[in-house]
Amino acid sequence: MIAAQARHVGWVLRSNPITAVAAVAATLLCFIALIGPSIVSYDPIASDVASALQPPSAAHWAGTDQLGRDVLARIVYAARLDLAIAASAVFLSFIVGALIGSVCGYAGGRIDRFVGRLVDVLMAFPLFVLAMAMVVALGNRVENIVIATAIINLPFYIRFARAEVNVRRDAGWVEAARAGGEGHLAIVLRFLLPNVLPAMAVQISLNLGWAILNAAGLSFIGLGVKAPTPEWGIMVAEGARFISTGKWWLVAFPGLALMLTVLCFNLLGDGLRDILDPRMRT
Amino acid sequence: MSGLGHTAKRAGQRLVTSLPALFGVLVFTFVLMRVLPGDPAVFFASGPNSSQEDIEMIRRQMGLDKPLPTQLVLYLYDIGRGNLGRSLITGQPVLSDLRERLPASLELTFAALILALGAAIPLGVFAALRANSLIDHAVRFFCSLGVCVPTFVSGLLLIYAFYYLWGIAPDPTGRIDIFTSQPTRVTGFLLIDYLIAGDLDGWAAAFRQILLPAITMALFVMAPLARMTRAAMLASLGSDFVRTARSIGLSDWRVIVVYALRNAILPVLTITGIVFSTMLGANVLVEKVFSWPGVASYALDALLASDYAPVQGFVLLMASIFVLVNLVVDVLYGMADPRVTVE
């Protein structure tokens with residue numbers, strides 16, 4: 001069984017080398033986020049006005065910003081914060097969404113309809129605007145970016161888990177568990193949830209990219225992360241003031257970091273979906 | 001005739017079922033805005049001479065001294081009469097502010113949608129006709145790339161290339177530069193108003209101004225459209241009716257466009273509706289980058305100044321547009337495929 005699965009994974013990776021590249025890149029990215037700060041030689045906060053706004057050179061590979069800080073160093077430092085925000089937001093909504101969704105799918109009836117309506121209301125919002133409003137409401141802090149991003153991700157997980165559980169609730173093995181005297185809660189937690197999680201895990205990778213874009217967008221408009229902290233969205237926002245005078249590196253390099261990170265997670269998610277469900281491929 | 005009545009019935013049902021969601025949005029925004037930090041009364045009374053009484057007076061003026069449920073009922077009553085409150089920043093009624101600025105946002109969104117569809121449908125069809133060829137992979141890669149670049153980055157890079165480097169694009173701020181005369185306002189859509197006024201130079205100027213922000217947004221939403229077109233085209237190209245059409249010797253063009261594409265357009269329509277609402281949210285970032293005087297940047301400014309009424313009005317507007325778009329998609333659905341029935 002496991003050997004067959006491994007063969008299948010190997011086959012998918014060979015026939016779709018992009019997924020393999022994406023997996024390697026994602027690992028590398030996490031590695032940089034973890035040890036990055038100890039390999040860069042510049043301070044990401046301390047300003048050095050004498051060497052402000054220098055284009056990329058041998059000393060500063062990605063140039064320097066308006067306060068003379070090394071752009072590359074700031075990008076590397078920011079990787080940890082950006083990945084941490086996105087990962088914790090997605091993890092949070094994954095857990096909560098899976099629980100709510102599977103309870104709804106299993107219970108059906110009034111609870112299901114009520115939550116369904118609630119999800120509809122949530123989806124009727126322009127989600128980015130909702131995230132903005134929530135960060136302002138909860139307080140302009142990084143934790144609240146995580147919470148806002150988690151909440152706007154929630155509807156997808158709830159719907160997904162609900163649909164997956166709903167088709168299984170009357171399956172033979174659930175019936176058997178019920179006949180064997182298992183309580184409802186135990187059936188949901190020990191029987192249904194484990195069957196739904198693998199399919200949902202694919203969504204995590206796809207949503208990670210989206211969460212990063214979302215968090216960066218929020219800090220771009222001035223919410224969440226405060227000024228001297230290195231973060232990709234805020235770096236782009238600071239660089240925006242200098243773009244029409246031709247200082248492209250302030251925007252291009254953090255933008256590149258954002259793009260590559262999101263691309264990497266998206267490709268990985270697509271690949272994982274192919275592994276899990278070859279029919280879904282488009 | 002019965003088809004028309006059928007469509008109308010579908011649309012009506014859709015509208016009724018979306019009312020609770022709209023109401024929910026309304027209550028939700030109301031509560032959300034009330035838990036926002038910062039007392040707007042204090043915010044707007046903050047002058048060197050403002051005393052406790054002044055603050056109390058402003059609070060009474062805004063109805064903030066009443067209990068929350070009463071405030072909610074008053075709010076709903078006001079909305080029923082078309083009164084969305086008054087913006088504290090601009091001093092204007094929110095409704096007239098939104099009416100003033102909505103055309104700018106809609107013009108940008110529609111321009112972007114037209115660009116995106118115009119590029120994505122041919123690309124998707126082409127990719128499906130040559131499935132798994134180099135072109136197919138190139139289209140797929142290009143589109144995947146588009147989703148990954150945040151709009152605020154691609155917008156700024158487009159400004160750098162087209163404005164700073166090559167000097168082709170006009171100054172990327174606002175809908176029209178200050179030296180060009182505005183057309184008389186008929187629809188609020190500059191591109192249409194200039195045509196009505198017969199001012200072709202003005203039209204060209206407005207067109208050049210909208211091109212960069214529209215491209216920025218189009219790049220971001222092309223991927224789902226192209227992917228869906230490709231998948232739907234693949235399915236319909238492999239179907240029996242296409243084989244039959246081919247076998248009786250119809251021209252390639254006719255088979256592809258009339259038979260295959262028409263049947264493939266349904267899922268694309270659905271996705272277009274979703275994409276449209278994504279764009280409404282993404283507007284915030286694009287409007288900020290290009291200083292576009294739309295409703296999203298208006299709401300952002302209000303939000304940062306803890307000015308309740310405009311944000312509530314904006315969210316309500318967005319939700320209504322979202323419902324309306326779904327309705328239009330539904331009607332178009334019925335027109336594209338009369339077999340679709342009410343569930």
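**Notebook: helices, salt bridges and a chain interface**

I started with a pair of helices in chain B and noted that the crossing of helix 12 and helix 13 is left-handed. A reminder to myself: this is a predicted model. Helix 12 of chain B covers residues 295-304 and helix 13 of chain B covers residues 308-336. Their axes come within 8 Å and cross at roughly 145 degrees.

Next I looked up who touches whom. On the side of helix 12 of chain B I listed V295(B), A296(B), Y298(B), A299(B), A302(B) and L303(B). Facing them from helix 13 of chain B are P310(B), V311(B), F314(B), L317(B) and M318(B). Sorted by class, this contact holds 11 nonpolar residues, with no polar and no charged ones.

**Second helix pair**

I then turned to helix 5 (residues 94-129) and helix 9 (residues 200-237), again in chain B. Here the axes come within 5 Å, and the crossing angle is roughly 35 degrees. I noted the hand of this crossing as right-handed. The residues in the contact of helix 5 of chain B with helix 9 of chain B split into 27 nonpolar, 2 polar and 2 charged.

**Salt bridges**

How many salt bridges does a search of the whole structure find? I got 11 over all chains. I picked out some of them to look at, one by one.

In chain B, D78(B) pairs with R81(B), and their closest N and O atoms are 3.2 Å apart. Networks came up at this point too: salt bridges with shared partners tie D65(A), R69(A), R74(A) and E238(A) into one network. Back at the chain B pair, I checked accessibility: D78(B) is partly exposed at 24%, while R81(B) is exposed at 55%.

From the network in chain A I took the bridge of D65(A) with R74(A), where the closest N and O atoms are 3.8 Å apart. Are these two partners buried or exposed? Both D65(A) and R74(A) are buried.

Another bridge in chain A joins R190(A) to E182(A), with 3.5 Å between the closest N and O atoms. R190(A) has a relative accessible area of 55%, so I put it down as exposed. E182(A) comes out at 25% relative accessibility and therefore counts as partly exposed.

**Between the chains**

I wanted the interface totals as well. I found 40 residues of chain A in contact with 44 residues of chain B. Together the two chains bury about 3700 Å², and 81% of that area lies on carbon and sulfur atoms. For salt bridges between chain A and chain B, my count is 0.

**A look at D136(B)**

My last stop was one acidic residue. Where does D136(B) sit? I placed it in helix 6 of chain B, which spans residues 134-148. Why did I write D136(B) down as buried? Its relative accessible area is 3%, and the cut-off for buried is under 20%, so the label follows.

For its surroundings, I set aside the neighbours within four places in sequence. What remains in contact with D136(B) is A127(B), R130(B), A131(B) and R230(B). I also took a distance to F110(B): D136(B) is 26 residues from F110(B) in sequence, and their C-alpha atoms are 27 Å apart in space.

Note on methods. Residues are numbered from 1 along each chain as its sequence is written. Chains are lettered from A and ligands numbered from 1 in the order in which they are written. This is a predicted model: local features need pLDDT of at least 70, side-chain atom pairs count only at pLDDT 80 or more; totals for chains, interfaces and linings use all residues. Side-chain values use heavy atoms; hydrogens and water are left out. Axes are lines fitted to C-alpha atoms, for helices over the stretch in contact, and angles run from 0 to 180 degrees between N-to-C directions. Helices (H or I, at least four residues) and strands (E, at least two) are DSSP runs, numbered from the N terminus. A crossing is left-handed if the near helix is turned anticlockwise from the far one by less than a right angle, and right-handed if clockwise. Contact means heavy atoms within 4.5 Å. Ala, Val, Leu, Ile, Met, Phe, Trp, Tyr, Cys and Pro count as nonpolar, Asp, Glu, Lys and Arg as charged, and the others, Gly among them, as polar. A salt bridge is a side-chain nitrogen of Lys or Arg within 4 Å of a carboxyl oxygen of Asp or Glu. Buried means under 20% relative accessible area, exposed over 50%, partly exposed in between (1.4 Å probe, protein chains only). Buried area is the accessible area (1.4 Å probe) that two parts lose on being put together, summed over both.
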